[in-house]
Amino acid sequence: MSGTRAPRTAAHPRRTLNSRLSAALFTVPVVLALLGAAAGPAAPSTGLPAAGPLTCRGQGVDPGAPVRYRTETVIDAPLRTIWKLQTDVENWPSWQAPVEAVDRLGHGPLRPGAAFRWTLPIPPNPSTPATRLDITSTVRQIKHQACVRWTGPAVGEGLRIDGVHVWTFTEVEGGVRVATEETHAGPQVEADVPTASLLLREGLEAWLRDLKTAAEARAHR
């Protein structure tokens with residue numbers, strides 16, 4: 001996100017679109033956040049082979065989305081600790097620096113139909129001013145301490161991404177294997193699939209690192 005503003009030429013609208021997409025996606029941990037190619041799931045970060053799409057109660061990500069990424073890690077912490085961090089969405093800002101605020105659109109524990117709105121600041125870049133990304137996530141499926149799947153749009157200035165996100169939690173030797181898979185669709189994503197794929201991968205890997213750091217610190221203090 002550096003450099004000087006390009007002159008207004010015929011190519012400028014595309015450059016502006018890609019700059020806005022890059023700036024927006026870079027700040028999303030949702031979600032949003034590498035593969036140079038778009039289609040199929042990637043090998044997990046643990047080096048284990050992918051065993052097909054992740055699902056929660058039989059439902060997975062969008063199979064027709066142009067951007068898709070899957071990754072996983074093992075966290076050395078109790079399952080209840082990891083689950084609490086991930087599903088207590090109002091406290092995400094305490095361990096995910098990119099998340100500015102989260103508002104529950106309802107009360108009680110997460111359940112099918114529960115929704116929450118979260119915001120991320122988008123820094124200025126050579127083509128667009130500073131703005132923010134507003135994401136409204138709705139839980140579609142959930143199984144206590146096992147999986148959660150939510151969907152929803154991320155909307156910013158001149159940007160809309162329709163995402164589907166699945167998380168699974170499995171106790172294994174050494175802790176809990178947390179796996180996540182997400183898809184993105186939308187005109188801005190389709191305009192530059194390689195960049196959107198790269199940034200989704202970076203975002204999901206960062207989210208897992210933050211979750212691992214927070215859960216292990218809480219478990220071992």
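How do strands S2 and S3 pair, and over how many bridges? Let me start there, hello everyone. Strand S2 and strand S3, which covers residues 115-122, pair in the antiparallel sense, over four bridges. One of the residues involved is Ala101, whose bridge partner in S3 is Thr119. Strand S2 itself runs over residues 101-104, and it has two faces. Val102 and Arg104 make up the covered face, while Ala101 and Asp103 make up the uncovered one.

Now let me step back to the whole chain. Please keep in mind that this is a predicted model. The protein chain averages a pLDDT of 81, and 74% of the residues score at least 70. Two stretches call for some care. Over residues 1-20 the pLDDT is below 50, and this part of the model has 28 contacts beyond near neighbours in sequence. Over residues 23-49 the pLDDT is again below 50, and here the model has 109 contacts beyond near neighbours in sequence.

As for the overall layout, there are four helices and seven strands in the protein chain. If you follow the sequence from start to end, the pattern reads α-β-α-β-β-β-β-β-β-α-α. Of the 221 residues in the protein chain, 49% are buried.

Next, my favourite element, helix H2. This helix covers residues 79-87. How much of H2 is buried? Seven of its nine residues are, so H2 is largely enclosed by the rest of the structure. The buried ones are Leu79, Thr81, Ile82, Trp83, Leu85, Gln86 and Thr87. And what do they pack against? Their partners are strands S1 (67-75), S4, S5 (147-156), S6 (159-172) and S7 (175-185), together with helix H4 (193-220).

H2 also brings us to the largest pocket. That pocket has a volume of about 260 Å³. Its lining counts 14 residues, and the closest to the centre are Thr87, Asp88, Gly108, Pro109 and Leu110. You have met Thr87 already, among the buried residues of H2. Which element gives the most to the lining of this pocket? The answer is H2, with three residues. Strand S4, residues 131-143, also supplies at least two residues of the lining, as does H2. By character, the lining of the largest pocket divides into five nonpolar, four polar and five charged residues.

Before I finish, here are some single residues to find on your screens. Val74 sits in strand S1, and with a relative accessible area of 28%, Val74 is partly exposed. Val74 and Glu173 are 99 residues apart along the chain, yet their C-alpha atoms are separated by 9.1 Å.

Then there are two loop residues with a positive phi. Arg57 lies in the loop between helix H1 (12-26) and S1. The phi of Arg57 is near 55°, a positive value in a residue other than glycine. Is Arg57 buried or exposed? At 58% relative accessibility, Arg57 counts as exposed. The other residue is Gln145, in the loop between S4 and S5. Gln145 has a phi near 55° too, again positive in a residue other than glycine. Gln145 counts as partly exposed, at 25% relative accessibility.

So, to recap the picture: H2 is largely enclosed by the rest of the structure, with seven of nine residues buried, and H2 gives the most to the lining of the largest pocket. Thanks for listening!

Key
Residues are numbered from 1 along each chain as its sequence is written. This is a predicted model: local features need pLDDT of at least 70, side-chain atom pairs count only at pLDDT 80 or more; totals for chains, interfaces and linings use all residues. Side-chain values use heavy atoms; hydrogens and water are left out. On a 1 Å grid over the protein atoms alone, a cavity is a set of points where a 1.4 Å probe fits but cannot get out, and a pocket is an open set with protein on both sides within 12 Å along at least five of seven lines; lining residues have an atom within 4 Å of a point. Grid points are joined across faces, edges and corners, and a volume is the space filled by probe spheres set on the points. Ala, Val, Leu, Ile, Met, Phe, Trp, Tyr, Cys and Pro count as nonpolar, Asp, Glu, Lys and Arg as charged, and the others, Gly among them, as polar. Buried means under 20% relative accessible area, exposed over 50%, partly exposed in between (1.4 Å probe, protein chains only). Two strands pair if DSSP finds at least two bridges between them. Contact means heavy atoms within 4.5 Å. pLDDT is the predictor's confidence in each residue, from 0 to 100.
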